Amino acid sequence: MIEFKLPSLGADMDEGKLLEWKIRPGDRVSKGQVVAVVDTSKAAVDVEIWSEGTVFELLVESGETIPVGTPMATLLEAGETPQNARHSPHTAAAPQASVAAAASSTPEPAAGVGRRRISPAARKRAEELGVDIETVDGSGPDGAVTLADVEQAAGASRAAAPQAAIDRQAEMRRAIAAAMSRSKREIPHYYLAEPVPMRRATAWLAQANAGRPIAARLLMAVVQLKAVALALKTFPEMNGFFRDGAFQPAAAAHVGVAISLRQGGLVAPAIHDVGEKSLEQLMTELADLVKRARAGTLRSSELADPTITVTNLGEQGVATVYGVIYPPQVALVGFGRIIDQPWVEDGALGVMPIVTTSLAADHRVSDGHRGARFLAELRELLQQPEKL
Amino acid sequence: MKMTYREAVRQAMHEALVADPRVFLMGEDVGKYGGSYACSLGFLEEFGPERIRDTPLSELGFVGAGIGAALGGLRPIVEVMTVNFSLLALDQIVNTAATLRHMSGGQFSVPLVVRMATGAGRQLAAQHSHSLENWYAHIPGIKVLAPATVADARGMLAPALADPDPVIIFEHAQLYNLEGEPAEDGHCDIATAALHREGADVSLVTYGGSLPKTLAAAGQLAAEGIAAEVIDLRVLRPLDMATIFHSVRKTHKAVVVDEGWKSGSLAAEVLARLAEECFYELDAPPARVCSAEVPIPYARHLEEAALPQPARIVAAVRRMLGK
Amino acid sequence: MDENELRAAVIATLKAIAPEVAEGDLRADRPLRSQVDLDSMDWLNFLIGLHERLQVDIPEADYARLVTLGDVLDYLARKLA
């Protein structure tokens, strides 16, 4: 018997609200499959499973808010049956509960087990009104979704949206506050910055884009992402997590991209294996990620496993950004605006497009000397954009 | 004209005895004593011993004699003192009265009326407190009535006597002192359930001695802002489910109040039919308020605790509504 | 397509990227991206949206000319003429 527990989708997440199961008992699930949608304070996240098996029991109902680590479902491994399965403490407790219930004169159905409670009338009415019943909160006994809930949801869906948005914003603000406070409390940051000439990179990008239809054009952001990922190969101490008093380097560069949300707040979901992907693929993935981040449909793995974060204040931004590390990561790389500046090259003063790269890094893991070499490496990589 | 339930039963029998010479009353203590519940007081003097017949303490014997009289063309009203003693006459009622039309290929009918008191609440202990209406309501071939109001006590006897098949009438012993108004012409049907109180939030379905308790509960719920609809089944066999479905389609919630024990009860039957026919209208699991599954206790406080009471009905509704 | 239709198409495209934009608050003579807070991805998506809606080709070399809403409207009007 495998227990599927609510994963932590970031340092700022203590609990999550199950919005929807994507699986039912009896379904076979495979690694990477999206099995549930969980509302964190930041977004509705598609949660993936990393085990294989057959769903035995769903232990949490839609609408429930549960702490990270709470068992949500049990799976039968290959060859297991409900009878021969090694029972987890939860399932072992179930028969006791039913004995207790039978002895009571008014047995209450055990809450939190089995299918979500939706009254037949509510289900029927939801169909008639075109309301997605899974999104309706239940106010009835044991959280049952009743007719009144459906009708209220149908009537109030428009009216409630702004309120929900405000709540989400407040929640997100709290989450960011918690993570950033923890970062500044626990992580001894050091900061470095380096101006990087971008003439080659901008020229190369302009030429690359000139031959492309608009929808296939690349942004400087992906060039920078790829450069960071490649630099990390030489400086693994910038890539990974500081946990339990020790640094755990990450094998691959899953680069978290700080994405500001239009209504306020930000998320930093990962693009996986950035070092191994072409710029075209990174562009496609970045566009998709930004779109989904703003639509609030991120996947759990994107939120859970960035190994470093890149923030790009971009063309509208400022010259230099010094970031706050997102724990338990150990570094954050920043890119400012590309600005034409006086620049001495080969003894002659000229004008050069410059981007200021910055590094905020965890001094428990790395030192300024290594950090400086990392930024130097990044600078050199950006001089050879054709190799990215 | 206001009268007691007891007086209504008496007037109904009096009317029948006057109206039809084939009608006669038979049972333990119905003559000289005037009936265990005084429903035939003065009848012996008025109609004479041939039509008001005291019987030996043998339910098997005198119910059988009633069946014979009915087969022979008379219209007997057989009073069995209480449902508790009717168990001795089960063979006559279930095996004979209920089956003869069928067994004779329609050649014989048994136009018999059996009246009996039923129910608990009077500290008569476990052997004299049964609510076994559902036992009879289980049997095809008989009609089962549960007058819960003065109007029904007054009105149900005439159509029961006019019915060509056996009719069992259950008079809850707690109701005899109830006061109320009979219908103007004294008559009523014996086919439909009755809506006693309208409400949009929950349907309370009940019968017999539980009706006043259910109405009391509905009043209390109204004070809390919960509008309960109250339906009196009146006829326990055949059940008028149409009236119940109509109500539940409006309220989407049902609580059945039944003095019988929950297991295998009439309440169970009503819930089963709601599940079968009305499933998609239900907005909450239907609920039952029944007697505790114990022999009915003698001690007053224990007896009260064992029976459905307004407070338990109110609590069941609150639970259902999540309040 | 007249001037009003073109403006409506541009605003609709902009609103697909930035739903909170109130047309009345937009100054045609001020830099559009700073008014609406469009980052480079938003800007690209805005141009892709215009390309799809109006069937105009916007080379990257022309981006620098598209600063204000007025610039964008003039540019598109010329392209569509």
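The points below comment on a predicted model, taking in a strand of chain A, the nonpolar cores, chain C and the contact between chains A and B.

1. Strand E6 of chain A, which spans residues 53–58, is largely enclosed by the rest of the structure, because 5 of its 6 residues are buried. The cut-off behind that statement is a relative accessible area under 20%, computed with the protein chains only.

2. E6(A) pairs with strand E3 of chain A (residues 28–29), to which it runs antiparallel and is joined by 2 bridges; within this pairing, Val29(A) stands opposite Gly53(A) of E6(A). E6(A) also pairs with strand E8 of chain A (residues 71–76), again in the antiparallel sense, over 4 bridges, and there Leu58(A) has Ala73(A) of E8(A) as its bridge partner.

3. The largest nonpolar core holds 107 residues, and the members with the most contacts inside it are Met238(A), Phe374(A), Phe46(C), Ile58(C) and Leu76(C). Helix H5 of chain A (residues 220–234) contributes 11 residues, the largest share of this core. Because domain 1 (2–103) and domain 3 (187–387) of chain A both give residues to this core, it lies between them. As a general background, nonpolar side chains tend to be buried together in soluble globular proteins.

4. Leu76(C), one of the residues with the most contacts inside the largest core, touches Leu6(C), Val10(C), Leu50(C), Leu54(C), Val56(C) and Ile58(C), when residues up to four places away in sequence are not counted. Apart from the largest core lies another, of 48 residues, whose members include Val83(B), Ala98(B), Val248(B) and Val270(B).

5. Chain C has 4 helices and 0 strands, and its pattern along the sequence reads α-α-α-α. Of its 81 residues, 46% count as buried, while its accessible surface comes to about 4300 Å², with 48% of that area belonging to carbon and sulfur atoms. Among the contacts in chain C with a separation of 6 or more, 49% are accounted for by residues 24 or more positions apart.

6. Where chains A and B meet, 11 residues of chain A are in contact with 11 residues of chain B, and the two chains bury about 810 Å² between them, 57% of it on carbon and sulfur atoms. On the side of chain A, Pro120(A), Lys124(A) and Pro141(A) supply 49% of the area that this chain buries against chain B, which is more than any other three residues supply.

Terms used: Residues numbered from 1 in each chain as written. Chains lettered and ligands numbered in written order. Predicted model: local features only at pLDDT ≥ 70, side-chain atom pairs only at ≥ 80, totals over all residues. Heavy atoms only, no water. Buried < 20%, exposed > 50% of the residue type's maximum accessible area, 1.4 Å probe, protein only. Pairing = 2+ DSSP bridges. Core = buried A, V, L, I, M, F, W, Y, C linked by side-chain atoms within 4.5 Å. Domains from an automatic or database assignment. Contact = heavy atoms within 4.5 Å. Areas by Shrake-Rupley, 256 points an atom, 1.4 Å probe, with all protein chains shown as cover. Buried area = accessible area lost by both parts, 1.4 Å probe.
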